[in-house]
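Here are my notes from going through this one, in the order I'd look at things. Have it open beside you as you read.

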Amino acid sequence: MTSPLNCACSSGETYANCCKNYHLNTSVPQTAEELMRSRYCAYALHLIDYLWETTHPTKRHLYDKASMEKWAKANHWVRLEIVHADKKVVEFKAYYQKGLAQFVHHERSTFKKEDGRWYYLSGDYYN
Ligand SMILES: [Zn+2]
């Protein structure tokens, strides 16, 4: 889990065999879950442009890169747990640490595929 070779998305794969290809745009996620994993991983690695580009264009006005970067860098991203995934909806728990305190971000995200690419559309938060 803590090996730097393991992808931050907790897939058990190495980064090179997992999210790196998406982050470098040498391949695109084929499923909503793969996109979700690569976005979590992008938070862990502070790849804000990737987060921006995989947010659906009609939803980008709800975000700004500076805030995304602040949120990404303010926390240590411990691990990702996919609770449930179907074609367009992924429920997940993102475990993160801020200082000595541990938190869980529990979200049900909706994704949309357009022109062969998956995008993050919206999320419902638990608790
Ligand atoms: Zn990954």
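The points below go from the overall fold to the sheet, the long helix, the core and a few single residues.

1. First, a reminder that this is a predicted model. The protein chain has 4 helices and 4 strands, and from the N terminus on they run α-α-α-α-β-β-β-β. In other words, the helices come before the strands along the chain.

2. On overall dimensions, the radius of gyration is 14 Å, which agrees with the value near 14 Å expected for a compact globule of 127 residues. The C-alpha trace spans about 40 × 30 × 30 Å along its principal axes. Buried residues account for 28% of the 127 residues. As for long-range contacts, take the pairs at least 6 apart in sequence: 38% of those contacts join residues at least 24 apart.

3. Now the sheet. It is open, has 4 strands in the order S1-S2-S3-S4, and its pairing is antiparallel. S1 and S4 are the edge strands, each pairing on one side only. From one strand to the next the twist averages 30 degrees.

4. Going strand by strand, S1 and S2 pair over 8 bridges in the antiparallel sense. Two pairs to click on here: glutamate 81 has lysine 93 in S2 as its bridge partner, and histidine 84 stands opposite glutamate 91 in S2. The hairpin formed by S1 and S2 leaves 3 residues between the strands.

5. S2 and S3 are also antiparallel, with 10 bridges, and valine 90 faces serine 109 in S3, the two standing opposite each other. This hairpin has 2 residues between its strands, and glycine 99 in the turn has a positive phi of about 65 degrees.

6. The last pairing joins S3 (residues 101-114) to S4 (residues 117-125), antiparallel over 8 bridges. Glutamate 107 has tyrosine 125 in S4 as its bridge partner. The S3 and S4 hairpin has 2 residues between its strands, and its turn holds aspartate 115, with a positive phi of about 50 degrees. I'd give that turn a look, since a reader may well ask about a positive phi at an aspartate.

7. Next, H2. This helix lies across S1, S2, S3 and S4, and runs at about 170 degrees to S1. How many of its residues are buried? The count is 13 of 14, and H2 is mostly covered. Its length also checks out: at 1.5 Å a residue its 14 residues should span 20 Å, and the end C-alpha atoms are 20 Å apart. Just after H2, histidine 46 takes a positive phi of about 60 degrees.

8. That leads to the core. The largest nonpolar core has 27 residues, and Cys9, Tyr40, Cys41 and Phe111 have the most contacts inside it. At least two residues each come from helix H1 (19-23), helix H2 (32-45), helix H3 (48-53), strand S1 (76-85), strand S2 (89-98) and S4. H2 gives the most, with 8 residues. As background, nonpolar side chains tend to be buried together in soluble globular proteins.

9. Cysteine 9 deserves its own point. Setting aside neighbours within four places in sequence, its contacts are Cys18, Cys19, Arg37, Ser38, Tyr40, Cys41 and Leu80. Tyr40 and Cys41 are also on the list of residues with the most contacts inside the core.

10. Two tyrosines are worth clicking on; the first is tyrosine 22, in helix H1. Is tyrosine 22 buried or exposed? Tyrosine 22 is buried, because 23 other C-beta atoms lie within 10 Å, and the cut-off for that label is 20 or more. Beyond residues up to four places away in sequence, tyrosine 22 touches Ser27, Val28, Pro29 and Ser38. Tyrosine 22 and alanine 42 are 20 residues apart in sequence and 9.8 Å apart in space, C-alpha to C-alpha.

11. The second is tyrosine 120, found in strand S4. Tyrosine 120 counts as buried with 20 other C-beta atoms within 10 Å, and 20 is the number at which that label begins. Apart from neighbours within four places in sequence, tyrosine 120 is in contact with Arg39, Thr54, Thr55, His56, Ser109 and Phe111. Tyrosine 120 and proline 29 are 91 residues apart in sequence, with 12 Å between their C-alpha atoms.

Notes: Residues numbered from 1 in each chain as written. Predicted model: local features only at pLDDT ≥ 70, side-chain atom pairs only at ≥ 80, totals over all residues. Pairing = 2+ DSSP bridges. Core = buried A, V, L, I, M, F, W, Y, C linked by C-beta atoms within 7 Å. Buried ≥ 20, exposed ≤ 12 C-beta atoms within 10 Å, placed from the backbone. Contact = placed C-beta atoms within 7 Å. Axes fitted to C-alpha atoms, helices over the stretch in contact; angles between N-to-C directions. Rg over C-alpha atoms; globule rule 2.2 N^0.38 Å. Expected span 1.5 Å × (residues − 1).
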